[in-house]
Amino acid sequence: MSVRDMVEKDYYAALGVPKDAPAADIKKAYRKLARELHPDKNPGDTKAEARFKEISEAYDVLSDERRRREYDEARALFQSGRFSGGPGGFPGNSGGYGSGYAGTGAGGGFAGASGGINMDDLLGGFSDLFQRQSPGRGPKRGVDIEAEVTISFEKSLTGLEAAVRIPGAATCTTCNGLGSRPGTMPRTCPVCRGLGVISRSQGGFALSEPCRECLGKGQLIDHPCPDCHGSGRREREQRIRIPAGVADGQRLKVRGRGTPGERGGSPGDLEVTVHVQPHPVFGREGPNLTIALPITFSEATLGASVRVPTLDGAPLTVKVPPGTSSGKRLRAKGRGVPKTGGGSGDLIVTVEVAVPKPTDLSPKARTALQEFALAHPGDPREALMAQLGQQ
């Protein structure tokens with residue numbers, strides 16, 4: 001997060017949350033927008049891709065407690081004008097220190113109309129903040145990245161190596177990360193001389209503030225790169241290993257695959273949300289696979305051994321007990337989803353008694369059913385009606 005970002009960008013507005021939003025609401029808003037704006041769902045839509053980058057950047061800052069606090073404090077300072085460098089740079093009278101100056105005393109504070117301001121806290125805290133954001137200082141860890149990938153139901157059970165598109169995560173090859181059009185170079189800011197901050201003297205004190213000319217970057221780009229638009233980064237493709245048994249909506253973290261660090265800092269992490277396409281026949285309940293299996297009336301009544309289709313094509317036969325009713329669940333051990341610690345879940349077979357259409361009955365079958373009705377005249381609704389007193 002650069003000083004320019006702190007000054008110019010409203011990350012709360014980007015995610016559509018209030019400034020006092022709890023971390024859970026910020027995460028929920030980001031995930032909702034990320035699903036809507038992800039490049040895989042909006043191919044060729046440059047506006048959606050730009051918004052996706054915007055919300056990703058906003059979430060990177062607001063999801064980190066320390067970075068969010070720094071962002072809030074810096075924006076509050078600039079909005080209040082206390083680092084403007086002009087008159088009234090501190091709260092109190094309009095004439096700068098004015099009559100509000102009461103000496104530093106033991107506490108090192110200034111007393112004015114608004115109460116006391118501890119200069120040690122003010123200069124120490126925000127001087128550290130600006131130094132951390134200034135270019136050329138210490139190493140900076142790369143940003144964590146969130147991405148999405150869609151795989152087939154079959155592949156979710158066997159595992160695979162999948163390609164994941166990551167917007168803005170790699171150095172732009174057109175400009176080699178400089179951000180300027182090929183054949184041109186960024187120039188050092190003449191105001192801050194490349195430091196990104198400028199110092200102003202206020203009596204016996206020196207205050208640092210972000211350079212207004214380059215907005216804290218230390219460089220000016222007169223001719224931005226046409227491919228990365230001055231950011232120095234472009235989309236790249238990462239290949240990651242997706243384990244067998246991954247579930248729809250599961251999030252996988254790959255350490256060190258996020259945005260590269262700066263000035264020797266470690267890279268961020270990559271967190272991938274996996275979407276599993278539904279299967280036309282099979283479903284899933286945790287570690288178990290499910291399937292609805294049609295059986296005939298005679299199989300349900302008399303019992304039978306019936307063949308069950310499987311994803312891997314391996315033969316499977318289940319025994320249907322005599323008198324099985326529609327909706328009964330049968331279990332085939334170890335024929336379900338692979339488990340992380342070894343072994344597999346089960347295959348849950350739900351039997352459904354298939355009732356033939358009258359038009360599908362042959363004269364012989366119709367006669368047989370009529371004879372069955374005469375031979376077995378019982379009323380299956382008799383007990384139900386008796387419970388309600390409706391004989």
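## Cysteines, salt bridges and cores in a predicted model

Student: How many disulfides does the structure hold?
Tutor: This is a predicted model, and a disulfide is a covalent bond between the sulfur atoms of two cysteines. In this structure the number of disulfides is zero.

Student: Why is Cys192 in no disulfide, and which cysteine has the sulfur nearest to that of Cys192?
Tutor: A pair of cysteine sulfur atoms must lie within 2.5 Å to count as a disulfide. The nearest cysteine sulfur is 3.7 Å from that of Cys192, so Cys192 is in no disulfide. The residue that carries this nearest sulfur is Cys214.

Student: And which cysteine has the sulfur nearest to that of Cys228?
Tutor: Cys228 is likewise in no disulfide, with the nearest cysteine sulfur 3.7 Å away. As for its surroundings, Cys228 counts as buried at 6% relative accessibility. The nearest sulfur belongs to Cys175.

Student: Where do Glu54 and Arg51 lie?
Tutor: The side chains of these two residues, Glu54 and Arg51, meet in a salt bridge with an N to O distance of 3.0 Å. Glu54 is partly exposed at a relative accessible area of 36%, and Arg51 is partly exposed at 29%. They are three residues apart, about one turn of the helix, and both lie in helix 4 (residues 46-62).

Student: How many residues apart are Arg141 and Asp269?
Tutor: Arg141 and Asp269 form a salt bridge at 3.3 Å, N to O. The pair links distant parts of the chain, since Arg141 is in the loop between helix 6 (119-133) and strand 3 (145-151), while Asp269 is in the loop between strand 10 (251-254) and strand 11 (270-276). Their separation is 128 residues.

Student: Is Asp269 buried or exposed?
Tutor: A residue counts as buried when its relative accessible area is under 20%. The partner Arg141, with a relative accessible area of 41%, is partly exposed. Asp269 has 8% relative accessibility, and therefore Asp269 is buried.

Student: Which residues are linked with Arg141 in a network of salt bridges?
Tutor: The salt bridge between Arg141 and Asp269 belongs to a network that also takes in two further residues. Together with Arg141, the members are Asp144, Arg255 and Asp269.

Student: Which residue meets Arg251 in a salt bridge?
Tutor: Arg251 is in strand 10 and its partner is in strand 3, 105 residues apart, and the pair links distant parts of the chain. Arg251 counts as partly exposed at 24% relative accessibility, whereas the partner is buried with a relative accessible area of 15%. Their side chains come to 2.8 Å, N to O, and that partner is Glu146.

Student: Which residues of the largest nonpolar core touch the most other members?
Tutor: In soluble globular proteins, nonpolar side chains tend to be buried together. The largest nonpolar core here has 36 residues, and a second, separate core of 20 residues includes Tyr12, Tyr30, Ala34 and Phe52. In the largest core, the residues that touch the most other members are Val149, Ile151, Ile242, Leu270, Val308 and Leu347.

Student: Which residue in strand 17 stands opposite Ala332?
Tutor: Strand 16 (residues 329-332) has a covered face made up of Leu330 and Ala332, and an uncovered one made up of Arg329 and Arg331. This strand 16 pairs with strand 17 (residues 347-353) in the antiparallel sense over four bridges. Opposite Ala332 stands Leu347.

Terms used:
Residues numbered from 1 in each chain as written. Predicted model: local features only at pLDDT ≥ 70, side-chain atom pairs only at ≥ 80, totals over all residues. Heavy atoms only, no water. Buried < 20%, exposed > 50% of the residue type's maximum accessible area, 1.4 Å probe, protein only. Salt bridge = Lys/Arg side-chain N within 4 Å of Asp/Glu carboxyl O. Helix = DSSP H or I, 4+ residues; strand = E, 2+ residues; numbered from the N terminus. Core = buried A, V, L, I, M, F, W, Y, C linked by side-chain atoms within 4.5 Å. Pairing = 2+ DSSP bridges.
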